[in-house]
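Let's take a walk through this protein together, going from single side chains to whole helices and back again. Have the sequence and the structure open as you read.

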Amino acid sequence: FGIMAGKVKWVTDIEKSVLINNFEKRGWIQVTENEDWNFYWMSVQTIRNVFSVETGYRLSDDQIVNHFPNHYELTRKDLMVKNIKRYRKELEKEGSPLAEKDENGKYLYLDFVPVTFMLPADYNLFVEEFRKNPSSTWIMKPCGKAQGKGIFLINKLSQIKKWSRDSKTSSFVSQSSKEAYVISLYINNPLLIGGKKFDLRLYVLVSTYRPLRCYMYKLGFCRFCTVKYTPSTSELDNMFVHLTNVAIQKHGDDYNHIHGGKWTVSNLRLYLESTRGKEVTNKLFDEIHWIIVQSLKAVAPVMNNDKHCFECYGYDIIIDDKLKPWLIEVNASPSLTSSTANDRILKYNLINDTLNIAVPNGEIPDCKWNKSPPKEVLGNYEVLYDEEMAQSDGPDRDLRSRPGQSTGVKGNRARDSGKPVLTTWK
């Protein structure tokens, strides 16, 4: 949501009328080509140009833009995993209870991304891991693409070699960064509803990384596949079974244009409460919130925390049949076009509420304000994490505040009395 003074072209596929209605409703401006003040939604490429050393642009105090300069540290698939791995190792070195492991060497609290390797760089490491479990299925994704483009599943090493040949690379060493892929262990036991796989699209607004302050949007949704799920290897090439992206599913014969294969998060919660119980449902959503906060903390040290910037991320989460959530990826430009009537309402409200936090009271933008808006302007957002508040309660507050868990002197887990515990991100 780039709020820019000056003449800049509309640069994404967002419906112009939605933004114009939002701006005019606030009485900020009449959006015309002749106005001195114009408001624009900016693409990641435009942001790169704005912050590029070569262009020489300098933002003034009344210019706010909707991406951080190096947002890709979280939103590129390979960099997201790299930063999370680095974050875990740093916590280990510090002796933090957050990095505690079980007897099998798995993180107790930070095991929320599938086992992932970068290709071509980590090819030998991947082969070593693959041979430990030769019957496993892996999913390959190009690092810099979206909407399900270029994704495929493999369960044999020969398929990797074929991909390498098809990519016109003579070896795994010579491949350029543009052709880089991530390969992740496929979650082959997803939670199914009606026999179909789904994932969650959740919106998270970050107003500042240092100190970290982020907001969770209550109105996320589930995206369902149109074809019933099967782990059968004969269906590995059927993307209507495995990929939830609307850009993929809308081309399926069974795609429903009325509901778009989507469920609201509130409907999912009701379903889980009625089938699994309220306690485990609350635990699931608390773990999802935990994942989001920890992923943001992982990139905070390397993020260019420019005062002119804020960002609304689209988080993709998959839940397995044991009700364990997994972070799949984070989108810098989550789709804001509407495929259904409910979609349009949701995304209109998302834009409206985001602008109310980024520019409180509908005033002219000012990058110097403290970025802590009053509660009454949050709309459908709720504070997910406020680092300043968390630090006031000690370094292990995050772990202690997870429901059902507390931390002893040495980081050993202990059950509490079952009473609900206030979390720092709510």
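Which residue lies over the face of Tyr-107? Before you look, keep in mind that this is a predicted model. The residue is Lys-101, placed at 4.9 Å from the centre of the Tyr-107 ring. A second charge sits in a comparable kind of place: Arg-269 lies over the face of Phe-285, at 4.4 Å from the ring centre. Remember Arg-269 and Phe-285, as we will meet them again among the helices.

Now for the chain as a whole. The chain has 13 helices and 14 strands. Of its 426 residues, 52% are buried. The accessible surface comes to about 20,500 Å², and carbon and sulfur atoms account for 50% of that surface. If you take the contacts with a separation of 6 or more, 69% of them are between residues 24 or more positions apart. Val-65 gives you one long-range example to find on screen: Val-65 and Glu-311 are 246 residues apart in sequence, while their C-alpha atoms are 8.3 Å apart in space. Val-65 sits in the loop between helix 2 (44–51) and helix 3 (72–75). Is Val-65 buried or exposed? Its relative accessibility is 0%, so Val-65 counts as buried, the cut-off being under 20%.

Next, the rings. There are 13 aromatic pairs in the structure. One of them joins Phe-117 and Phe-126, whose ring centres are 6.3 Å apart, with 65° between the planes, an edge-to-face arrangement. Phe-117 counts as buried because its relative accessibility is 10%, and Phe-126 counts as buried because its value is 0%. Another edge-to-face pair is made by Tyr-203 and Tyr-217, at 6.4 Å centre to centre and with 80° between the planes. This pair links distant parts of the chain: Tyr-203 belongs to strand 6 (residues 196–209) and Tyr-217 to strand 7 (residues 212–217), with the two tyrosines 14 residues apart. Both Tyr-203 and Tyr-217 are buried. They also belong to one aromatic cluster, together with Tyr-215, Phe-221 and Tyr-381.

Let's turn to the helices. Two packed helices are described by the angle between their axes and the distance between the axes. How do helix 9 and helix 10 cross, and at roughly what angle? The axes of helix 9 (residues 265–275) and helix 10 (residues 278–299) come within 8 Å and cross at roughly 140°. Helix 9 and helix 10 are therefore oblique to each other. On the helix 9 side, the contact is made by Val-265, Leu-268, Arg-269, Leu-272 and Glu-273, and on the helix 10 side by Lys-278, Thr-281, Asn-282, Leu-284 and Phe-285. Here are Arg-269 and Phe-285 again, the charge and the ring from earlier.

Helix 10 has a further partner in helix 4 (residues 77–94): their axes come within 8 Å and cross at roughly 90°. Helix 4 and helix 10 are therefore roughly perpendicular to each other. Asn-83, Ile-84, Arg-86 and Tyr-87 of helix 4 make this contact with Gln-294, Ser-295, Lys-297, Ala-298 and Val-299 of helix 10.

Some backbone details deserve a look too. Most residues other than glycine have a negative phi, and most peptide bonds are trans. Where does this chain depart from that? The peptide bond from Leu-119 to Pro-120 is cis, with omega near 15°, and Pro-120 lies in the loop between strand 1 (116–119) and helix 5 (123–132). The bond from Arg-210 to Pro-211 is also cis, with omega near 0°. Pro-211 lies in the loop between strand 6 and strand 7, the two strands that carry Tyr-203 and Tyr-217. As for phi, Leu-323 has a positive value of about 60° although it is not a glycine. Leu-323 lies in the loop between strand 10 (311–319) and strand 11 (325–331), and it counts as buried because its relative accessibility is 10%.

Our last stop is Asn-155, in the loop between strand 3 (152–154) and helix 6 (157–166). Asn-155 has a relative accessible area of 14%, so it is buried. Leaving aside residues up to four places away in sequence, Asn-155 touches Phe-130, Pro-134, Ser-136, Thr-137, Thr-233 and Leu-236.

Key. Residues are numbered from 1 along each chain as its sequence is written. This is a predicted model: local features need pLDDT of at least 70, side-chain atom pairs count only at pLDDT 80 or more; totals for chains, interfaces and linings use all residues. Side-chain values use heavy atoms; hydrogens and water are left out. Rings of Phe, Tyr and Trp (its six-membered ring) pair if their centres lie within 6.5 Å; planes under 30 degrees apart count as stacked, over 60 as edge-to-face and the rest as tilted. Buried means under 20% relative accessible area, exposed over 50%, partly exposed in between (1.4 Å probe, protein chains only). Helices (H or I, at least four residues) and strands (E, at least two) are DSSP runs, numbered from the N terminus. A charge sits over a ring if NZ of Lys or CZ of Arg is within 6 Å of the ring centre and within 35 degrees of the ring normal. Contact means heavy atoms within 4.5 Å. Accessible areas come from the Shrake-Rupley method with a 1.4 Å probe; for residues, only the protein chains shown count as cover. Axes are lines fitted to C-alpha atoms, for helices over the stretch in contact, and angles run from 0 to 180 degrees between N-to-C directions. Angles under 35 degrees count as roughly parallel, over 145 as roughly antiparallel, 65 to 115 as roughly perpendicular and the rest as oblique.
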